[in-house]
Amino acid sequence: MGIRGELYTTQTTLANRAYFFNVKENRTGDVFLQIVESKSRDGADFDRHQIAIFEEDLQKFLNGLDDSLRFIQRNRKEQERLRAERKAAKEAKYGAGASPEKKKVLRKGAAYEDSDFRPRDPASPKKTGRIHVVSKIQK
């Protein structure tokens with residue numbers, strides 16, 4: 001028996017997490033699987049969470065995990081099918097490769113000849129959505 005009852009250990013490392021799968025034996029001889037997640041926090045500390053699944057419950061645990069993985073795969077296929085249907089409907093409505101008509105906006109300093117946009121008359125008051133009071137007193 002190894003350190004702290006470890007019989008076998010394997011590690012899977014991701015971007016900012018590491019998963020350890022430890023097969024251990026306790027003092028009474030019960031074998032269990034310990035899954036440890038170690039997550040880097042602020043580059044200095046690590047958040048560490050663990051679960052233990054005993055040998056007699058391992059098959060039920062794996063069945064539940066397998067069911068969850070099958071659901072994820074079915075759900076992914078369904079999402080891809082819906083995405084393809086939405087894309088096909090959009091192409092049927094607007095044509096292949098076309099997007100819906102978008103509002104044209106003239107950038108500051110662009111030429112007015114190429115667009116329908118006309119500048120605001122400088123003598124007219126600015127429309128800001130607020131009440132605008134024009135003074136009647138001439139300077």
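These legends go with a few close-up views of a predicted model.

**View A. Four strands line up in an open sheet.** The strands come in the order 1-2-3-4, and their pairing is antiparallel. Take a look at the edges: strand 1 (6–13) and strand 4 (45–54) each have a single partner strand, so one side of each is left without a neighbour in the sheet. Going from one strand to the next, the twist averages 15°.

**View B. Strand 3 meets strand 4.** Here strand 3 (residues 31–41) runs antiparallel to strand 4, and ten bridges hold the pair side by side in the bridge count. One pairing to pick out is Ser40, whose bridge partner in strand 4 is Phe46. Helix 1 packs on this sheet, where it touches strand 3 and strand 4. The direction of helix 1 makes about 120° with that of strand 4.

**View C. A closer look at Phe46, a residue of strand 4.** Is Phe46 buried or exposed? With 55% relative accessibility, Phe46 counts as exposed, because the cut-off for that label is over 50%. Setting aside neighbours within four places in sequence, Phe46 is in contact with Ser38, Lys39, Ser40 and Arg41. Arg17 is 29 residues away from Phe46 along the chain, and their C-alpha atoms are separated by 9.3 Å.

**View D. A nonpolar patch on the surface.** Leu62, Leu65, Leu69, Phe71 and Ile72 make up this patch of about 450 Å². Leu62 belongs to helix 1 (residues 58–94). At 39% relative accessibility, Leu62 counts as partly exposed.

Technical notes: Residues are numbered from 1 along each chain as its sequence is written. This is a predicted model: local features need pLDDT of at least 70, side-chain atom pairs count only at pLDDT 80 or more; totals for chains, interfaces and linings use all residues. Side-chain values use heavy atoms; hydrogens and water are left out. Patches are made of residues with over 30% relative accessible area and no salt bridge: like charges are joined within 9 Å, nonpolar side chains (Val, Leu, Ile, Met, Phe, Trp, Tyr) within 5 Å. Accessible areas come from the Shrake-Rupley method with a 1.4 Å probe; for residues, only the protein chains shown count as cover. A salt bridge is a side-chain nitrogen of Lys or Arg within 4 Å of a carboxyl oxygen of Asp or Glu. Helices (H or I, at least four residues) and strands (E, at least two) are DSSP runs, numbered from the N terminus. Buried means under 20% relative accessible area, exposed over 50%, partly exposed in between (1.4 Å probe, protein chains only). Two strands pair if DSSP finds at least two bridges between them. Axes are lines fitted to C-alpha atoms, for helices over the stretch in contact, and angles run from 0 to 180 degrees between N-to-C directions. Contact means heavy atoms within 4.5 Å.
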